[in-house]
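Could you walk me through this model in my viewer, one selection at a time? I would like to know what to click next and what to look for once it is highlighted.

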Amino acid sequence: MRVRRSSYIASAIAVVALVVTGCAAPNSGAAPQTAAAAGSTIPAKPSAPVSLHILDVAGNQKLTQPMIDDFAKKNPDVISSVSWETGGAPDLVGNIKPQVESGKLSVDLVMTGTDGLSAGIGQNLWVPIVKSYGDRLSNQKNYLEPAAKMQDLAQGFGVETVYYPSGPLIQYNPTVVKSVPKTPEALLAWAKANPGKFGYARPANSGPGRTFLMGLPYMLGDKDPKDPVKGWDKTWAYLKDLGSTISNYPTGTGQVITNMADGTWALIPTTTGWDINPRALSKEPATIQAAPFDKFTWVTDAQYAAVPKGQSADKLSAILLLLQDMLTPEQNAKAYDSGYFYPGPAITGATLDKAPKASQEVIAKYGRSWYDPLIASAPKAIPLTPDQMVKAFDIWDRTIGSGKYKAK
């Protein structure tokens, strides 16, 4: 499975450090571009076809490249070519800030999670694309209700392209786990009875890890699930107790999957995507099972497109046309992919029957029959705000994971 560079607020604790980061991205040699001032007139169509270079720090390429390629193929008068590079969310500001400050953009469009988006907002790097050009993105009115709430987190600086309810769920090896724990209390009891067989990755570096972290306050009945400092007394006490059964915390979800595949672990917290995709890619045995907690709240996730400041009017025109097209049911349904962000679409009407045949086959074989009913019935909550996530990661690192990190 692709290593998720961001889901919620991956490596949000690095946001503070990013303020002083000076690591510049490789320069493509592109000439300085004429900046499109916020609110300025952007042509309905570029004066000539433009090339787009996209930076992906969220594992988003697999979800959205088919949408982008299809638009470019059908609109050669708008986009002449598309190229991609990948990077890590913690490096995003260090990559983009020098380009914005110099007025020499080598990256035209950024695909990011809430982590990179928030870091860029804090450094004033993004065109306020929805605030300034929202009339060109009318398909945003068709967001699914929980996806619309995730779009609100973008504060007008990013356009949500994909969405999923995430988790937390439980994944387990049925040959070892005979009685599946359905509550945090039962999970703790199982872990104590089977020391070393349950684990999860450091939340700052793992989508399932932080989904588990953010989901526990709802299941445990903490005072304020949105305040990890003053409202998570039960959660922190629980995680300390659970940690007594865990010898190490990997610093990436990939090692968690390896631990499940080789039998080191038999029980882990997961998400819909991390349940489907590793089995579909044969990274885990197809026999691995999953289950929901009896009473829980989905912690939602999304990914966004953001445009660095200083973008030319022609390129911004092409990007607006592209994003409007990506938010149609026919295109957005491609986000089903191979289950990586299940379901994936952020738009009403982007149903599985509109997805590519390969995606339909993966979901039919590796999906779970209880996913969709649970997505429809269980409550949903947006992730912690970036400032609260920084605090949650810091507390976890100091009080839960200290001394137990294990390299990927």
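Start by selecting the three strands β7, β5 and β8, which form an open sheet in that order with antiparallel pairing. This is a predicted model, so treat every value on the tour as computed from it. The strands at the edges are β7 (267–270) and β8 (289–291); each has a single partner strand, so one side of each is left without a neighbour in the sheet. Turn the view to look across the strands and you can follow a twist that averages 30 degrees from one strand to the next.

Now zoom in on β5 (residues 169–172), which pairs with β7 in the antiparallel sense over 4 bridges. To find one of these pairings, pick Tyr172: its bridge partner in β7 is Leu267. Next, add helix α11, which packs on the sheet and touches β5, β7 and β8. The direction of α11 makes about 30 degrees with that of β5.

**Next stop: a helix crossing**

Keep α11 (residues 272–280) on screen and add α14 (residues 357–366). At what angle do the axes of α11 and α14 cross? They cross at roughly 105 degrees and come within 10 Å. The two helices are therefore roughly perpendicular to each other. Show side chains for the contact: Ile276, Arg279 and Ala280 come from α11, while Val362, Ile363 and Tyr366 come from α14. By type, the residues of this contact are 5 nonpolar, no polar and 1 charged.

**A glycine in a loop**

Leave the helices and select Gly199, in the loop between α7 (184–193) and α8 (207–220). Is Gly199 buried or exposed? Gly199 is buried, with a relative accessible area of 0%. Leaving aside neighbours within four places in sequence, Gly199 is in contact with Ile246, Trp265, Leu267, Ile268 and Pro269. Leu267 should look familiar, as the bridge partner of Tyr172. For a distance check, draw a line between the C-alpha atoms of Gly199 and Pro250: the two residues are 51 apart along the chain, and the separation in space is 8.7 Å.

**A parallel pair**

Move on to strand β1 (residues 50–56), where 6 of the 7 residues are buried. Add β2 (residues 79–86) and you will see the parallel sense of their pairing, which runs over 7 bridges. A handy place to begin is Val50, which stands opposite Ile79 in β2.

**Into the cores**

From here, select Ile96. Setting aside its neighbours within four places in sequence, Ile96 is in contact with Leu55, Val107, Val110, Leu125, Trp126 and Pro308. Which residues touch the most other members of the largest nonpolar core? Ile96, Trp126 and Ile129 do, in a core of 58 residues. Helix α12 (residues 313–326) gives this core its largest share, 7 residues. A second, separate core holds 51 residues, including Trp236, Ile276, Val299 and Tyr371. You have already met Ile276 in the contact of α11 with α14.

**Zoom out**

Finish with the whole protein in cartoon view, with 16 helices and 11 strands. Colouring by burial gives another overview: of the 408 residues, 58% count as buried. If you plot a contact map, residues 24 or more positions apart account for 82% of the contacts with a separation of 6 or more.

Note on methods: Residues are numbered from 1 along each chain as its sequence is written. This is a predicted model: local features need pLDDT of at least 70, side-chain atom pairs count only at pLDDT 80 or more; totals for chains, interfaces and linings use all residues. Side-chain values use heavy atoms; hydrogens and water are left out. A nonpolar core is a set of buried Ala, Val, Leu, Ile, Met, Phe, Trp, Tyr and Cys residues joined through side-chain atoms within 4.5 Å. Buried means under 20% relative accessible area, exposed over 50%, partly exposed in between (1.4 Å probe, protein chains only). Contact means heavy atoms within 4.5 Å. Axes are lines fitted to C-alpha atoms, for helices over the stretch in contact, and angles run from 0 to 180 degrees between N-to-C directions. Angles under 35 degrees count as roughly parallel, over 145 as roughly antiparallel, 65 to 115 as roughly perpendicular and the rest as oblique. Ala, Val, Leu, Ile, Met, Phe, Trp, Tyr, Cys and Pro count as nonpolar, Asp, Glu, Lys and Arg as charged, and the others, Gly among them, as polar. Two strands pair if DSSP finds at least two bridges between them.
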